[in-house]
Each structure stands twice: as structure tokens, then as C-alpha cells.
Amino acid sequence: MENVLKAYGHGCAAGDVIALMDTPPLHSGKDGYLLSKGALYGKG
């Protein structure tokens, strides 16, 4: 989660995350999509 928030979830708190799709093969949290209570974030 820490990598996700640093890579593309700027302004999102971990407690606001509803769903996360981590797309890299090693699940590093550097590419994917994050759905929070207030926004959709993405990179990749």
C-alpha cells in the first residue's frame, strides 16, 4: 500500500481505499489502479 500511495495515490489516505488493482507481475505497487472514497487513481 505504501508504494501505491507514493506512486500514484497522492492525496489519498490508506483508510480511504476501497479497491486496489496492482498490475505489475511482481505486485510492486508501482502500476495499477486505486479506488478510494473520493476518487479513482491510476498509473500504467
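I began with I18, which is exposed at a relative accessible area of 55%. I18 sits in strand β1. The model I am reading is a predicted one.

**Nonpolar patch**

I looked up which surface patch I18 belongs to. Together with M21, Y33, L35 and L40, I18 makes a nonpolar patch of about 520 Å². I then checked which elements give two or more residues to this patch, and found β1 (17–22) and β2 (32–36).

**Whole chain**

I stepped back to the chain. I count one helix and three strands, in the order α-β-β-β along the sequence. Taken along the principal axes, the C-alpha atoms fill a box of roughly 25 × 15 × 15 Å. Of the 44 residues in the chain, 27% are buried. The exposed area comes to about 3,000 Å², and carbon and sulfur atoms supply 58% of that area. I also looked at contacts between residues at least 6 apart in sequence: 25% of them join residues at least 24 apart.

**Salt bridge**

How many salt bridges does a search of the whole structure find? I noted one. The side chains of E2 and K6 form a salt bridge, with 3.2 Å from N to O. I asked myself why E2 and K6 are about one helical turn apart. They are separated by about one turn because they stand four residues apart in helix α1, which covers residues 2–7. I looked up exposure for both partners. E2 has 56% relative accessibility, so it counts as exposed. K6 is exposed too, with a relative accessible area of 56%.

**D22**

I returned to strand β1, where D22 is also placed. Does D22 count as buried or exposed? I found D22 buried, and without a salt bridge. The nearest side chain of opposite charge is that of K30, 10 Å away. A salt bridge needs the nitrogen within 4 Å of the carboxyl oxygen.

I then looked for polar atoms beside D22. A polar atom of its side chain lies 3.5 Å from the backbone nitrogen of S28. Leaving out residues up to four places away in sequence, I listed the residues that D22 touches: H27, S28, G29, K30 and D31.

**The loop between β1 and β2**

Two of the residues on that list, H27 and G29, got a closer look. H27 is placed in the loop between β1 and β2. Its phi is near 50 degrees, a positive value in a residue other than glycine. I read a relative accessible area of 55% for H27, so this residue is exposed.

G29 lies in the loop between β1 and β2 as well. Why is G29 counted as buried? Its relative accessibility is 4%, and buried means under 20%. I looked up what G29 touches, again not counting residues up to four places away in sequence, and wrote down N3, V4, A7, Y8 and D22. N3, V4 and A7 fall within the residues 2–7 of helix α1. For a distance along the chain I took D16, 13 residues from G29; their C-alpha atoms are separated by 17 Å.

**Where I stopped**

My last entry sets the two loop residues side by side: H27 is exposed, whereas G29 is buried. D22 touches both H27 and G29.

Note on methods: Residues are numbered from 1 along each chain as its sequence is written. This is a predicted model: local features need pLDDT of at least 70, side-chain atom pairs count only at pLDDT 80 or more; totals for chains, interfaces and linings use all residues. Side-chain values use heavy atoms; hydrogens and water are left out. Patches are made of residues with over 30% relative accessible area and no salt bridge: like charges are joined within 9 Å, nonpolar side chains (Val, Leu, Ile, Met, Phe, Trp, Tyr) within 5 Å. Accessible areas come from the Shrake-Rupley method with a 1.4 Å probe; for residues, only the protein chains shown count as cover. Buried means under 20% relative accessible area, exposed over 50%, partly exposed in between (1.4 Å probe, protein chains only). Lys and Arg count as positive and Asp and Glu as negative; His and the chain ends are not counted. A polar contact is a pair of N or O atoms within 3.5 Å; within protein, one must be able to donate a hydrogen and the other to accept it, and residues adjacent in sequence count only if both atoms are side-chain atoms. Contact means heavy atoms within 4.5 Å.
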